[in-house]
Protein chains: 2
Amino acid sequence: MFAEKIRQLRENKQLLQRQISAALEMDNALYCKIERGDRTARREQVIKLAELLDASQEELLKLWLADKVYDIVGEEDGANDILNIVAESIVEYQKSKPI
Amino acid sequence: MFAEKIRQLRENKQLLQRQISAALEMDNALYCKIERGDRTARREQVIKLAELLDASQEELLKLWLADKVYDIVGEEDGANDILNIVAESIVEYQKSKPI
DNA sequence: TTTGACTTGACAATTTTCGACAAAAGTACA
DNA sequence: TGTACTTTTGTCGAAAATTGTCAAGTCAAA
């Protein structure tokens, strides 16, 4: 999800993993694992990645968070019920109309 | 969410925290924190709790998982977007109709 | 077959979580 | 008030999970 996305973005830009991992100051092996979904990135890394890949920071963060949520509910019975419970408990701030 | 639920169930049954924590073989202070939402229970504890409180194991587990999901997305921008992404990626097994 | 990109697995370092304990704070009541 | 009890809070070390490093591996192209 997040993983496939960053791989696509990187390939579109014709960059090597080595270049990304250098820019992120991380071991190449670790970046490889992140790109394959074996490991998760940390938030700051996601943010830097968005810059490096000219991607929307918000979008990447959403995918990254979606992965985390999926890790929790993905295998559970009634996963959708759980998501609904959470959705109801969230108070999404309405954009107040300008006066 | 999970926390308030177990507190209500316990109070309805007129039990003391001490009694629950003894049955769960856990420190009283820890159970207190769980009931207040300061700490999270572990899965086996949730299951035992459902028994002790005569509650539906499935329901309690859902609330417990919902808390975990909320911890991830609750404070995030576009939390609902994230939940939608996850919902779409979940393949909920359809109950196949008996022939 | 050498080179460079990528992948893997095992281990080390770091961070987070869990549980134990002590002590404080609140409650009820003689 | 003073005692007995329940609940709450803070802190600490142990245990577990996460993140990072290193060495060796595969694979494809030159």
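This report describes how two protein chains and two DNA strands are arranged in a predicted model.

**The two chains**

Chain A can be laid over chain B by a rotation of 179° with 0.0 Å of shift along the axis, and the RMSD is then 0.1 Å. The two copies are thus related as by a two-fold rotation axis. Of the interface residues of chain A, 100% are interface residues in chain B as well, so the copies meet through the same surface.

In that interface, 26 residues of chain A are in contact with 26 residues of chain B. On the side of chain A that touches chain B, the elements that give two or more residues are α5 (57-73) and α6 (79-89) of chain A. The largest share, 10 residues, comes from α5(A). Sorted by class, this side of chain A has 15 nonpolar, four polar and seven charged residues.

**Helix α5 of chain A and its partners**

Two helix pairs that involve α5(A) are described here, one within chain A and one across the interface.

Within the chain, the axes of α4 (residues 43-52) of chain A and α5(A) come within 9 Å and cross at roughly 140°. That angle makes α4(A) oblique to α5(A). The crossing of these two helices is right-handed. From α4(A), the contact uses A:Val46, A:Ile47, A:Leu49 and A:Ala50, while α5(A) supplies A:Gln57, A:Leu60, A:Leu61 and A:Trp64. These residues divide into seven nonpolar, one polar and no charged.

Across the interface, α5(A) packs against α6 (residues 79-89) of chain B at an angle of about 55°, with the axes 9 Å apart. The helices α5(A) and α6(B) are therefore oblique to each other. Here too the term right-handed applies, as α5(A) passes α6(B) in a right-handed crossing. On the α5(A) side the residues are A:Lys62, A:Leu63, A:Leu65, A:Ala66, A:Val69, A:Tyr70 and A:Val73, and they meet B:Asp81, B:Ile82, B:Ile85, B:Val86 and B:Ser89 in α6(B). By class, this contact has nine nonpolar, one polar and two charged residues.

**The DNA strands**

DNA strand C is surrounded by 16 residues, and the closest are A:Leu16, A:Gln17, A:Ala29, B:Asp27 and B:Ala29. The elements that give two or more residues to the surface near this strand are α2 (17-23) and α3 of chain A, together with α3 of chain B. Helix α3(A) gives the largest share of the surface near strand C, six residues.

Around DNA strand D there are 15 residues, of which A:Asp27, A:Ala29, B:Gln17, B:Ala29 and B:Cys32 come nearest. Near this strand, two or more residues come from each of α3 (28-36) of chain A and α2 (17-23) and α3 (28-36) of chain B. For strand D, the largest share of the surface, six residues, comes from α3(B).

The table lists the classes of residue on the surface near each strand.

| DNA strand | Nonpolar | Polar | Charged |
|---|---|---|---|
| Strand C | six residues | three residues | seven residues |
| Strand D | six residues | three residues | six residues |

**Summary**

Chains A and B are related as by a two-fold rotation axis. In chain A, α5(A) gives the largest share of the side that touches chain B. The largest share of the surface near DNA strand C comes from α3(A), and that near DNA strand D comes from α3(B).

Definitions and conventions: Residues are numbered from 1 along each chain as its sequence is written. Chains are lettered from A and ligands numbered from 1 in the order in which they are written. This is a predicted model: local features need pLDDT of at least 70, side-chain atom pairs count only at pLDDT 80 or more; totals for chains, interfaces and linings use all residues. A residue is near a molecule or strand if its C-beta atom, placed from the backbone, lies within 6 Å of it. Helices (H or I, at least four residues) and strands (E, at least two) are DSSP runs, numbered from the N terminus. Ala, Val, Leu, Ile, Met, Phe, Trp, Tyr, Cys and Pro count as nonpolar, Asp, Glu, Lys and Arg as charged, and the others, Gly among them, as polar. Two residues are in contact if their C-beta atoms, placed from the backbone, lie within 7 Å. Axes are lines fitted to C-alpha atoms, for helices over the stretch in contact, and angles run from 0 to 180 degrees between N-to-C directions. Angles under 35 degrees count as roughly parallel, over 145 as roughly antiparallel, 65 to 115 as roughly perpendicular and the rest as oblique. A crossing is left-handed if the near helix is turned anticlockwise from the far one by less than a right angle, and right-handed if clockwise. Copies are superposed by least squares on the C-alpha atoms of residues with pLDDT of at least 70 in both.
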